[in-house]
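Visitor: Can we go through the pockets and the sheet in this one? Short answers are fine.

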Amino acid sequence: MKNLKANWPKNFPKPIYSNRFERNKYASILIKKYFSDASSILNIGGGGKRHLEKCFEENSNIKITEVDFSGNNDLNINLDKIDKLPFENNSFDISVALDSLEHFENFHGIFSEMFRISKKYIIISLPNSVETFFEILKHAKEDDPKEKGYYTKFYGLPLGKPSDRHRWFLTVRDIERFFLKFLEDKNAEVQFITKHDVSFKKFLLTFFLSKRLKKELRYPFVWILIKKNK
């Protein structure tokens with residue numbers, strides 16, 4: 001497989017956040033520092049709160065277009081019901097999907113569309129589903145049995161039909177393999193950013209595991225940065 005990381009910086013800031021707004025704030029830090037030549041951003045599945053736009057309020061040169069199925073968006077559309085986004089090729093400098101692709105049955109199609117409509121960059125964050133094992137070990141019950149599973153918000157079996165679910169149980173290796181395979185015949189580069197969970201309990205649980213299992217159990221999420229070369 002060709003080298004897909006040739007021209008990336010060596011030390012990206014580590015993603016540290018605990019809520020959706022902070023996640024968007026981290027994305028804005030990456031964009032301002034490393035993708036400052038971008039002026040147009042498509043944010044897919046942002047939740048209808050315009051969090052990413054708020055992170056750029058001081059920069060009037062950035063135009064952010066929000067797309068989701070409900071809320072305060074520029075385009076309200078069910079992304080699981082479409083084959084193609086209503087934008088031309090290379091319409092945006094950056095397309096962004098922060099913890100949203102795993103909610104779509106149409107994961108593959110939406111990502112392919114993100115690549116098509118992006119002129120320069122794609123930024124994606126995805127959760128590591130293996131994290132849910134720790135919730136079971138802790139016996140941490142969820143507080144809304146009609147919407148959530150017994151242990152986890154998105155993977156258990158709730159008592160009623162939930163309004164939202166994760167459609168994919170993703171591991172770190174799943175994520176890396178998928179994007180590397182998609183990009184291997186494209187003129188593009190990719191960088192994966194992760195952060196170890198610093199919990200002492202998790203450290204003890206994973207101390208005697210192999211390198212592979214430590215990676216799966218101690219990375220709560222993966223960020224994927226893609227640069228399209230001309």
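Visitor: Which residues line the second largest pocket?
Guide: In this predicted model, the second largest pocket is lined by F107, H108, L126, W168, F169, L170, D174, I175, R177, F178, F179 and K181. A pocket here is an open set of points on a 1 Å grid over the protein atoms alone, where a 1.4 Å probe fits, with protein on both sides within 12 Å along at least five of seven lines; lining residues have an atom within 4 Å of a point.

Visitor: Which element gives the largest share of that lining?
Guide: Helix α5, with six residues. Both α3 (107–117) and α5 (172–183) supply at least two. Helices are DSSP runs of H or I with at least four residues, strands are runs of E with at least two, and both are numbered from the N terminus.

Visitor: How does the lining divide by class?
Guide: Eight nonpolar, one polar and three charged. Ala, Val, Leu, Ile, Met, Phe, Trp, Tyr, Cys and Pro count as nonpolar, Asp, Glu, Lys and Arg as charged, and the others, Gly among them, as polar.

Visitor: How much space lies in the largest pocket?
Guide: About 1400 Å³, the volume being the space filled by probe spheres set on the grid points, which are joined across faces, edges and corners. Of its 42 lining residues, the closest to the centre are E102, H103, K153, F154 and H166.

Visitor: Any caveats on the numbers?
Guide: Local features need pLDDT of at least 70 and side-chain atom pairs count only at pLDDT 80 or more, while totals for chains, interfaces and linings use all residues. Residues are numbered from 1 along each chain as its sequence is written, and side-chain values use heavy atoms, with hydrogens and water left out.

Visitor: Now the sheet. What is the strand order?
Guide: The order is β3-β2-β1-β4-β5-β7-β6, an open sheet of seven strands with mixed pairing. Two strands pair if DSSP finds at least two bridges between them.

Visitor: Which strands stand at the edges?
Guide: β3 (75–76) and β6 (188–194); each has a single partner strand, so one side of each is left without a neighbour in the sheet. β3 pairs with β2 (residues 63–68) in the parallel sense over two bridges, and D68 has N76 as its bridge partner in β3.

Visitor: And which strands does α5 lie across?
Guide: β5, β6 and β7, at about 170° to β6. Axes are lines fitted to C-alpha atoms, for helices over the stretch in contact (heavy atoms within 4.5 Å), and angles run from 0 to 180 degrees between N-to-C directions.
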